[in-house]
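I am opening a notebook on a structure I have not looked at before. I will write down what I look up, entry by entry.

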Amino acid sequence: MMSNRDEPDRSNPEDQLADFEQRLNARLEMRRAQERKYDRQNANGWAVGIRYGTEFIVGVAVGAAFGYLADLAIGSLPIGLMIGTMIGFGAGTMNVVRAAKEMSERAQRDSQGADRG
Amino acid sequence: MVDTNPITQFEIHEVAPLEIAGFNLAFTNSAFFMVLATVSVTLLMALATNKRALVPGRGQSVAEILYGFVADMVRSSAGNEGLRFFPFVFSLFIFILAGNMFGMFPYLPLPVPGVDNHGFTITSHIIVTLTLSLLVMSIVVGFGVYKNGFKFLKLFVPAGVPPVLYVIVTPIEVISFLSRPISLSVRLFANMLAGHILLKVFAGFIVMLLATESLMGLVGILPFFMVVGLTALEFLVAFLQAYVFAILTCIYLNDALHPAH
(Lines give C-alpha, C1' and ligand atoms only; values in the text may rest on other atoms or scores of the structure.)
Protein backbone atom coordinates (compact mmCIF):
# COMPACT_ATOMS: atom_id res chain seq x y z
CA MET A 1 0.00 0.00 0.00
CA MET A 2 1.32 3.41 -0.90
CA SER A 3 1.08 6.33 1.40
CA ASN A 4 -2.20 8.11 0.84
CA ARG A 5 -1.75 11.31 2.72
CA ASP A 6 -1.99 14.28 0.31
CA GLU A 7 -4.30 12.59 -2.15
CA PRO A 8 -3.63 13.56 -5.79
CA ASP A 9 -6.28 14.19 -8.40
CA ARG A 10 -6.96 10.59 -9.38
CA SER A 11 -9.22 11.47 -12.28
CA ASN A 12 -6.27 12.76 -14.37
CA PRO A 13 -3.66 10.00 -14.96
CA GLU A 14 -0.96 12.41 -16.14
CA ASP A 15 -1.39 14.62 -13.14
CA GLN A 16 -1.19 11.56 -10.97
CA LEU A 17 2.08 10.47 -12.57
CA ALA A 18 3.68 13.89 -12.24
CA ASP A 19 2.64 14.08 -8.65
CA PHE A 20 4.10 10.67 -7.94
CA GLU A 21 7.37 11.65 -9.58
CA GLN A 22 7.52 14.80 -7.51
CA ARG A 23 7.06 12.93 -4.28
CA LEU A 24 9.56 10.28 -5.32
CA ASN A 25 12.19 12.89 -6.16
CA ALA A 26 11.68 14.65 -2.86
CA ARG A 27 12.11 11.36 -1.01
CA LEU A 28 15.22 10.40 -2.98
CA GLU A 29 16.76 13.82 -2.43
CA MET A 30 16.15 13.52 1.29
CA ARG A 31 17.71 10.08 1.45
CA ARG A 32 20.71 11.14 -0.59
CA ALA A 33 21.34 14.12 1.67
CA GLN A 34 21.17 11.84 4.67
CA GLU A 35 23.58 9.33 3.16
CA ARG A 36 26.05 12.02 2.20
CA LYS A 37 26.05 13.38 5.73
CA TYR A 38 26.62 9.85 7.00
CA ASP A 39 29.70 9.06 4.94
CA ARG A 40 31.25 12.48 5.42
CA GLN A 41 31.27 11.95 9.15
CA ASN A 42 32.40 8.44 9.61
CA ALA A 43 34.17 7.02 6.57
CA ASN A 44 37.59 8.59 6.86
CA GLY A 45 38.07 10.75 9.90
CA TRP A 46 40.82 8.48 11.18
CA ALA A 47 42.47 8.23 7.76
CA VAL A 48 42.45 12.02 7.34
CA GLY A 49 44.00 12.50 10.77
CA ILE A 50 46.79 10.00 10.08
CA ARG A 51 47.37 11.60 6.69
CA TYR A 52 47.88 15.12 8.09
CA GLY A 53 50.01 13.79 10.93
CA THR A 54 52.43 11.87 8.74
CA GLU A 55 52.62 14.65 6.15
CA PHE A 56 53.67 17.16 8.78
CA ILE A 57 56.03 15.02 10.85
CA VAL A 58 57.77 13.58 7.81
CA GLY A 59 58.35 17.10 6.47
CA VAL A 60 60.05 18.18 9.69
CA ALA A 61 62.04 14.92 9.93
CA VAL A 62 63.34 15.11 6.37
CA GLY A 63 64.31 18.77 6.80
CA ALA A 64 66.15 18.03 10.03
CA ALA A 65 67.88 15.01 8.50
CA PHE A 66 69.14 17.06 5.58
CA GLY A 67 70.37 19.82 7.86
CA TYR A 68 72.18 17.24 9.94
CA LEU A 69 73.77 15.63 6.88
CA ALA A 70 74.94 19.05 5.69
CA ASP A 71 76.42 19.59 9.14
CA LEU A 72 78.28 16.29 9.00
CA ALA A 73 79.66 17.23 5.58
CA ILE A 74 80.82 20.73 6.52
CA GLY A 75 81.36 20.26 10.24
CA SER A 76 79.12 23.08 11.46
CA LEU A 77 77.04 20.96 13.77
CA PRO A 78 74.18 22.86 15.33
CA ILE A 79 73.58 25.44 12.57
CA GLY A 80 72.55 23.22 9.69
CA LEU A 81 70.32 21.15 11.97
CA MET A 82 68.54 24.30 13.15
CA ILE A 83 68.07 25.73 9.68
CA GLY A 84 67.04 22.31 8.34
CA THR A 85 64.43 21.86 11.05
CA MET A 86 62.96 25.26 10.33
CA ILE A 87 62.81 24.61 6.60
CA GLY A 88 61.35 21.19 7.37
CA PHE A 89 58.67 22.87 9.47
CA GLY A 90 57.76 24.97 6.46
CA ALA A 91 57.75 21.93 4.21
CA GLY A 92 55.55 20.00 6.66
CA THR A 93 53.07 22.87 6.80
CA MET A 94 53.09 23.05 3.02
CA ASN A 95 52.43 19.31 2.83
CA VAL A 96 49.44 19.62 5.15
CA VAL A 97 48.01 22.60 3.27
CA ARG A 98 48.42 20.76 -0.02
CA ALA A 99 46.81 17.61 1.36
CA ALA A 100 43.87 19.61 2.72
CA LYS A 101 43.40 21.44 -0.57
CA GLU A 102 43.49 18.27 -2.60
CA MET A 103 41.08 16.49 -0.25
CA SER A 104 38.54 19.30 -0.30
CA GLU A 105 38.77 19.45 -4.09
CA ARG A 106 38.08 15.73 -4.29
CA ALA A 107 35.19 15.99 -1.82
CA GLN A 108 33.68 18.81 -3.85
CA ARG A 109 34.00 16.82 -7.07
CA ASP A 110 32.44 13.79 -5.39
CA SER A 111 29.42 15.71 -4.16
CA GLN A 112 28.95 17.28 -7.60
CA GLY A 113 29.10 13.82 -9.13
CA ALA A 114 26.48 12.62 -6.66
CA ASP A 115 24.18 15.52 -7.58
CA ARG A 116 24.47 14.79 -11.26
CA GLY A 117 24.17 11.02 -11.00
CA MET B 1 51.66 -22.36 26.58
CA VAL B 2 50.51 -20.75 23.40
CA ASP B 3 52.69 -17.95 22.13
CA THR B 4 50.85 -14.67 22.71
CA ASN B 5 53.65 -12.38 21.60
CA PRO B 6 52.02 -9.90 19.16
CA ILE B 7 55.29 -9.29 17.33
CA THR B 8 55.96 -12.86 16.18
CA GLN B 9 53.68 -12.34 13.20
CA PHE B 10 56.24 -10.00 11.60
CA GLU B 11 59.14 -12.46 11.76
CA ILE B 12 60.83 -13.38 8.51
CA HIS B 13 61.62 -17.05 7.99
CA GLU B 14 63.72 -18.63 5.30
CA VAL B 15 61.72 -21.12 3.31
CA ALA B 16 64.35 -22.14 0.75
CA PRO B 17 67.91 -21.09 1.55
CA LEU B 18 69.92 -19.68 -1.32
CA GLU B 19 73.30 -17.97 -1.18
CA ILE B 20 74.99 -16.40 -4.17
CA ALA B 21 78.44 -14.84 -3.86
CA GLY B 22 78.09 -14.31 -0.13
CA PHE B 23 74.67 -12.66 -0.39
CA ASN B 24 71.79 -14.30 1.40
CA LEU B 25 69.08 -14.49 -1.26
CA ALA B 26 66.87 -17.01 0.52
CA PHE B 27 63.23 -17.34 -0.49
CA THR B 28 61.41 -16.12 2.63
CA ASN B 29 57.82 -16.15 3.82
CA SER B 30 57.65 -12.47 2.81
CA ALA B 31 58.68 -13.40 -0.73
CA PHE B 32 56.14 -16.22 -0.66
CA PHE B 33 53.31 -13.84 0.16
CA MET B 34 54.39 -11.44 -2.58
CA VAL B 35 54.38 -14.30 -5.07
CA LEU B 36 51.02 -15.45 -3.72
CA ALA B 37 49.54 -11.95 -4.17
CA THR B 38 50.92 -11.56 -7.68
CA VAL B 39 50.01 -15.03 -8.90
CA SER B 40 46.51 -15.07 -7.44
CA VAL B 41 45.66 -11.65 -8.84
CA THR B 42 47.06 -12.52 -12.25
CA LEU B 43 45.14 -15.81 -12.32
CA LEU B 44 41.91 -14.19 -11.16
CA MET B 45 42.16 -11.42 -13.73
CA ALA B 46 43.02 -13.83 -16.53
CA LEU B 47 40.18 -16.12 -15.53
CA ALA B 48 37.72 -13.25 -15.23
CA THR B 49 38.51 -11.74 -18.60
CA ASN B 50 39.17 -14.79 -20.77
CA LYS B 51 35.55 -15.09 -21.93
CA ARG B 52 35.30 -11.42 -22.97
CA ALA B 53 31.53 -11.64 -22.92
CA LEU B 54 29.50 -8.66 -24.10
CA VAL B 55 27.25 -9.12 -21.12
CA PRO B 56 29.71 -9.79 -18.29
CA GLY B 57 29.29 -12.62 -15.85
CA ARG B 58 30.07 -12.32 -12.16
CA GLY B 59 33.86 -12.61 -12.45
CA GLN B 60 34.09 -10.32 -15.43
CA SER B 61 31.91 -7.73 -13.66
CA VAL B 62 34.31 -7.63 -10.74
CA ALA B 63 37.26 -7.18 -13.10
CA GLU B 64 35.44 -4.44 -15.00
CA ILE B 65 34.42 -2.63 -11.84
CA LEU B 66 38.03 -2.73 -10.61
CA TYR B 67 39.22 -1.45 -13.96
CA GLY B 68 36.67 1.38 -13.94
CA PHE B 69 37.46 2.26 -10.34
CA VAL B 70 41.20 2.65 -10.99
CA ALA B 71 40.70 4.34 -14.36
CA ASP B 72 38.39 6.91 -12.72
CA MET B 73 40.94 7.48 -10.01
CA VAL B 74 43.73 8.06 -12.52
CA ARG B 75 41.60 10.29 -14.74
CA SER B 76 40.29 12.43 -11.91
CA SER B 77 43.70 13.24 -10.46
CA ALA B 78 46.10 13.06 -13.42
CA GLY B 79 43.77 13.81 -16.34
CA ASN B 80 43.40 11.81 -19.55
CA GLU B 81 47.13 12.12 -20.15
CA GLY B 82 47.68 10.24 -16.92
CA LEU B 83 45.99 7.17 -18.39
CA ARG B 84 49.32 6.13 -19.90
CA PHE B 85 50.28 5.23 -16.33
CA PHE B 86 47.12 3.23 -15.82
CA PRO B 87 48.86 -0.19 -15.98
CA PHE B 88 51.38 0.92 -13.38
CA VAL B 89 48.81 2.37 -10.98
CA PHE B 90 46.51 -0.62 -11.46
CA SER B 91 49.28 -3.14 -10.69
CA LEU B 92 50.42 -1.14 -7.70
CA PHE B 93 46.91 -0.82 -6.28
CA ILE B 94 46.04 -4.47 -6.83
CA PHE B 95 49.35 -5.71 -5.44
CA ILE B 96 49.01 -3.67 -2.24
CA LEU B 97 45.35 -4.57 -1.89
CA ALA B 98 46.06 -8.29 -2.36
CA GLY B 99 49.01 -8.11 0.05
CA ASN B 100 46.87 -6.38 2.68
CA MET B 101 44.02 -8.84 2.20
CA PHE B 102 46.23 -11.94 2.42
CA GLY B 103 47.62 -10.38 5.58
CA MET B 104 44.11 -10.43 7.06
CA PHE B 105 44.24 -14.23 7.31
CA PRO B 106 45.18 -14.83 10.96
CA TYR B 107 46.68 -18.17 10.02
CA LEU B 108 47.83 -18.85 6.48
CA PRO B 109 50.39 -21.63 6.47
CA LEU B 110 53.14 -21.91 3.90
CA PRO B 111 52.83 -25.05 1.80
CA VAL B 112 56.23 -26.24 3.01
CA PRO B 113 56.51 -28.92 5.71
CA GLY B 114 58.71 -28.27 8.70
CA VAL B 115 58.58 -24.47 8.43
CA ASP B 116 57.15 -22.31 11.18
CA ASN B 117 53.79 -21.26 9.78
CA HIS B 118 51.92 -18.06 10.44
CA GLY B 119 50.11 -15.38 8.52
CA PHE B 120 52.16 -12.52 7.15
CA THR B 121 51.41 -9.02 5.87
CA ILE B 122 53.98 -7.90 3.33
CA THR B 123 53.05 -4.22 3.70
CA SER B 124 53.81 -4.27 7.43
CA HIS B 125 57.53 -4.11 6.64
CA ILE B 126 58.81 -0.64 5.83
CA ILE B 127 61.40 -1.98 3.40
CA VAL B 128 58.58 -3.23 1.15
CA THR B 129 56.52 -0.03 1.24
CA LEU B 130 59.60 2.17 0.88
CA THR B 131 60.66 0.20 -2.19
CA LEU B 132 57.22 0.70 -3.72
CA SER B 133 57.21 4.43 -2.97
CA LEU B 134 60.76 4.88 -4.29
CA LEU B 135 59.63 3.12 -7.45
CA VAL B 136 56.81 5.66 -7.74
CA MET B 137 59.14 8.59 -7.14
CA SER B 138 61.77 7.37 -9.60
CA ILE B 139 59.05 7.09 -12.25
CA VAL B 140 57.85 10.61 -11.39
CA VAL B 141 61.36 12.06 -11.62
CA GLY B 142 62.40 9.95 -14.62
CA PHE B 143 59.30 10.64 -16.67
CA GLY B 144 59.14 14.27 -15.55
CA VAL B 145 62.69 14.95 -16.73
CA TYR B 146 62.19 12.89 -19.90
CA LYS B 147 59.03 14.76 -20.86
CA ASN B 148 59.73 18.29 -19.61
CA GLY B 149 63.51 18.46 -19.50
CA PHE B 150 64.66 21.35 -17.35
CA LYS B 151 61.11 22.63 -17.05
CA PHE B 152 60.58 19.83 -14.54
CA LEU B 153 62.49 21.99 -12.07
CA LYS B 154 59.59 24.46 -12.20
CA LEU B 155 58.07 22.14 -9.63
CA PHE B 156 60.35 23.78 -7.09
CA VAL B 157 59.66 27.34 -8.22
CA PRO B 158 55.95 27.99 -7.78
CA ALA B 159 54.44 30.62 -10.05
CA GLY B 160 53.25 33.91 -8.60
CA VAL B 161 55.90 34.17 -5.90
CA PRO B 162 58.14 37.27 -5.83
CA PRO B 163 61.72 36.27 -6.80
CA VAL B 164 63.10 37.48 -3.45
CA LEU B 165 61.22 34.70 -1.69
CA TYR B 166 62.74 31.95 -3.83
CA VAL B 167 65.56 31.74 -1.25
CA ILE B 168 63.03 30.41 1.25
CA VAL B 169 60.38 28.82 -0.97
CA THR B 170 62.66 26.65 -3.10
CA PRO B 171 64.31 24.79 -0.19
CA ILE B 172 60.87 24.28 1.33
CA GLU B 173 59.56 22.87 -1.95
CA VAL B 174 62.60 20.62 -2.31
CA ILE B 175 62.20 19.24 1.22
CA SER B 176 58.48 18.85 0.64
CA PHE B 177 59.19 16.86 -2.53
CA LEU B 178 61.79 14.69 -0.81
CA SER B 179 59.43 13.95 2.06
CA ARG B 180 56.83 12.45 -0.29
CA PRO B 181 58.25 8.94 -0.71
CA ILE B 182 58.82 8.75 3.04
CA SER B 183 55.33 9.87 4.04
CA LEU B 184 53.85 7.61 1.37
CA SER B 185 55.64 4.53 2.67
CA VAL B 186 55.44 5.33 6.38
CA ARG B 187 51.67 5.81 6.20
CA LEU B 188 51.01 2.41 4.66
CA PHE B 189 53.55 0.63 6.86
CA ALA B 190 52.42 2.28 10.12
CA ASN B 191 48.75 1.60 9.48
CA MET B 192 49.30 -2.08 8.76
CA LEU B 193 51.79 -2.56 11.60
CA ALA B 194 49.66 -0.81 14.22
CA GLY B 195 46.44 -2.50 13.14
CA HIS B 196 47.90 -5.99 13.16
CA ILE B 197 49.63 -5.53 16.51
CA LEU B 198 46.36 -4.28 17.99
CA LEU B 199 44.51 -7.31 16.63
CA LYS B 200 47.02 -9.76 18.04
CA VAL B 201 47.22 -8.00 21.41
CA PHE B 202 43.48 -8.37 21.91
CA ALA B 203 43.54 -11.93 20.60
CA GLY B 204 46.33 -12.60 23.09
CA PHE B 205 44.10 -11.37 25.94
CA ILE B 206 41.55 -14.07 25.11
CA VAL B 207 44.18 -16.80 25.31
CA MET B 208 45.68 -15.44 28.52
CA LEU B 209 42.30 -15.15 30.22
CA LEU B 210 41.34 -18.68 29.18
CA ALA B 211 44.69 -19.96 30.41
CA THR B 212 43.81 -18.94 33.99
CA GLU B 213 41.33 -21.84 33.93
CA SER B 214 39.07 -20.01 36.35
CA LEU B 215 35.94 -17.87 36.03
CA MET B 216 38.22 -15.18 34.68
CA GLY B 217 38.03 -17.08 31.40
CA LEU B 218 34.49 -15.80 30.95
CA VAL B 219 35.82 -12.25 30.80
CA GLY B 220 37.58 -13.37 27.61
CA ILE B 221 34.29 -12.74 25.81
CA LEU B 222 34.98 -9.01 25.97
CA PRO B 223 38.29 -9.01 24.04
CA PHE B 224 36.70 -11.52 21.67
CA PHE B 225 34.04 -9.01 20.62
CA MET B 226 36.76 -6.38 20.39
CA VAL B 227 38.71 -8.61 18.01
CA VAL B 228 35.63 -9.14 15.85
CA GLY B 229 35.11 -5.37 15.61
CA LEU B 230 38.79 -4.67 14.98
CA THR B 231 38.91 -7.26 12.22
CA ALA B 232 36.15 -5.43 10.37
CA LEU B 233 38.00 -2.14 10.90
CA GLU B 234 41.22 -3.69 9.62
CA PHE B 235 39.51 -4.80 6.42
CA LEU B 236 38.45 -1.19 5.90
CA VAL B 237 41.97 0.04 6.63
CA ALA B 238 43.49 -2.56 4.29
CA PHE B 239 41.37 -1.27 1.43
CA LEU B 240 41.62 2.40 2.35
CA GLN B 241 45.41 2.39 2.58
CA ALA B 242 45.79 0.68 -0.79
CA TYR B 243 43.44 3.31 -2.20
CA VAL B 244 45.33 6.18 -0.56
CA PHE B 245 48.65 4.86 -1.86
CA ALA B 246 47.28 4.60 -5.39
CA ILE B 247 45.59 8.00 -5.41
CA LEU B 248 48.71 9.74 -4.09
CA THR B 249 50.68 7.98 -6.81
CA CYS B 250 48.30 9.53 -9.34
CA ILE B 251 48.70 12.98 -7.78
CA TYR B 252 52.49 12.73 -7.89
CA LEU B 253 52.39 11.47 -11.47
CA ASN B 254 50.31 14.53 -12.29
CA ASP B 255 53.24 16.64 -11.10
CA ALA B 256 55.49 14.82 -13.55
CA LEU B 257 53.03 15.54 -16.37
CA HIS B 258 52.41 19.20 -15.47
CA PRO B 259 55.29 20.45 -13.31
CA ALA B 260 54.14 24.09 -13.17
CA HIS B 261 51.06 24.00 -10.98
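These are my entries, and the model behind them is a predicted one.

**Entry 1: chain A**

I start with chain A. I find three helices and zero strands there. Reading along its sequence, I note the pattern α-α-α. Chain A has 117 residues, and 19% of them count as buried. I also look at how far apart in sequence its contacts reach. Among contacts with a separation of 6 or more, 55% join residues 24 or more positions apart.

Next I check the length of α2(A). It has 30 residues, which at 1.5 Å a residue should span 44 Å. Its end C-alpha atoms are 44 Å apart, so the expected span and the model agree. Just after α2(A) comes Gly75(A), and its phi is positive, near 85 degrees.

**Entry 2: where the chains touch**

How many residues of chain A are in contact with chain B? I get 19 residues of chain A, facing 15 residues of chain B. On the chain A side, α2 and α3 each supply at least two residues. The largest share comes from α2(A), with ten residues. By class, I list eight nonpolar, seven polar and four charged residues on this side of chain A.

**Entry 3: the largest nonpolar core**

I look for the largest nonpolar core and find 49 residues in it. The residues with the most contacts inside it are Val89(B), Phe93(B), Phe245(B), Ala246(B) and Cys250(B). Both chains take part: α2 (45-74) and α3 (77-116) of chain A each supply at least two residues. From chain B, the helices that do so are α1 (29-49), α2 (58-78), α3 (86-103), α4 (126-148), α5 (166-211) and α7 (221-257). The helix that gives the most is α7(B), with twelve residues.

I then pick out Cys250(B). What is Cys250(B) in contact with, leaving aside its neighbours within four places in sequence? I find Met73(B), Val74(B), Ser77(B), Ala78(B), Gly82(B) and Val89(B).

Ile247(B) is my next stop, in helix α7 of chain B. Is Ile247(B) buried or exposed? It is buried, because 20 other C-beta atoms lie within 10 Å, and 20 is where the buried class begins. Not counting residues up to four places away in sequence, Ile247(B) touches Met73(B) and Ser77(B). I also take one distance. Ile247(B) and Ile172(B) are 75 residues apart along the chain, and their C-alpha atoms are separated by 23 Å.

**Entry 4: α4(B) and its partner**

I turn to α4(B). Its 23 residues should span 33 Å at 1.5 Å a residue. Its end C-alpha atoms are 32 Å apart, which agrees. The buried residues of α4(B) are Val128(B), Thr129(B), Leu132(B), Ser133(B), Val136(B), Met137(B), Val140(B) and Gly144(B). They pack against α3, α5 and α7 of chain B.

I follow up on α5(B). The axes of α4(B) and α5(B) come within 8 Å and cross at roughly 145 degrees. The crossing is right-handed. Among the residues that meet, I note Leu130(B) and Leu134(B) from α4(B), and Pro181(B), Leu184(B) and Phe189(B) from α5(B). This contact has ten nonpolar, three polar and one charged residues.

**Entry 5: loops of chain B**

After α4(B) I reach Gly149(B), with a positive phi near 60 degrees. Phe150(B) lies in the loop between α4 and α5 of chain B. It counts as exposed, because 7 other C-beta atoms lie within 10 Å, and the exposed class takes 12 or fewer. Phe150(B) and Gly217(B) are 67 residues apart along the chain, and their C-alpha atoms are separated by 68 Å.

Then I search for unusual backbone angles. Most residues other than glycine have a negative phi. Ala21(B) has a positive one, near 50 degrees. I find Ala21(B) in the loop between β2 (19-20) and β3 (23-24) of chain B. It is exposed, with 5 other C-beta atoms within 10 Å.

Glu213(B) also has a positive phi, near 50 degrees. It lies in the loop between α5 and α6 (216-219) of chain B. With 8 C-beta neighbours inside 10 Å, Glu213(B) counts as exposed.

Methods:
Residues are numbered from 1 along each chain as its sequence is written. Chains are lettered from A and ligands numbered from 1 in the order in which they are written. This is a predicted model: local features need pLDDT of at least 70, side-chain atom pairs count only at pLDDT 80 or more; totals for chains, interfaces and linings use all residues. A nonpolar core is a set of buried Ala, Val, Leu, Ile, Met, Phe, Trp, Tyr and Cys residues joined through C-beta atoms within 7 Å. Helices (H or I, at least four residues) and strands (E, at least two) are DSSP runs, numbered from the N terminus. Two residues are in contact if their C-beta atoms, placed from the backbone, lie within 7 Å. Ala, Val, Leu, Ile, Met, Phe, Trp, Tyr, Cys and Pro count as nonpolar, Asp, Glu, Lys and Arg as charged, and the others, Gly among them, as polar. Axes are lines fitted to C-alpha atoms, for helices over the stretch in contact, and angles run from 0 to 180 degrees between N-to-C directions. A crossing is left-handed if the near helix is turned anticlockwise from the far one by less than a right angle, and right-handed if clockwise. The expected span of a helix is 1.5 Å times one less than its number of residues.
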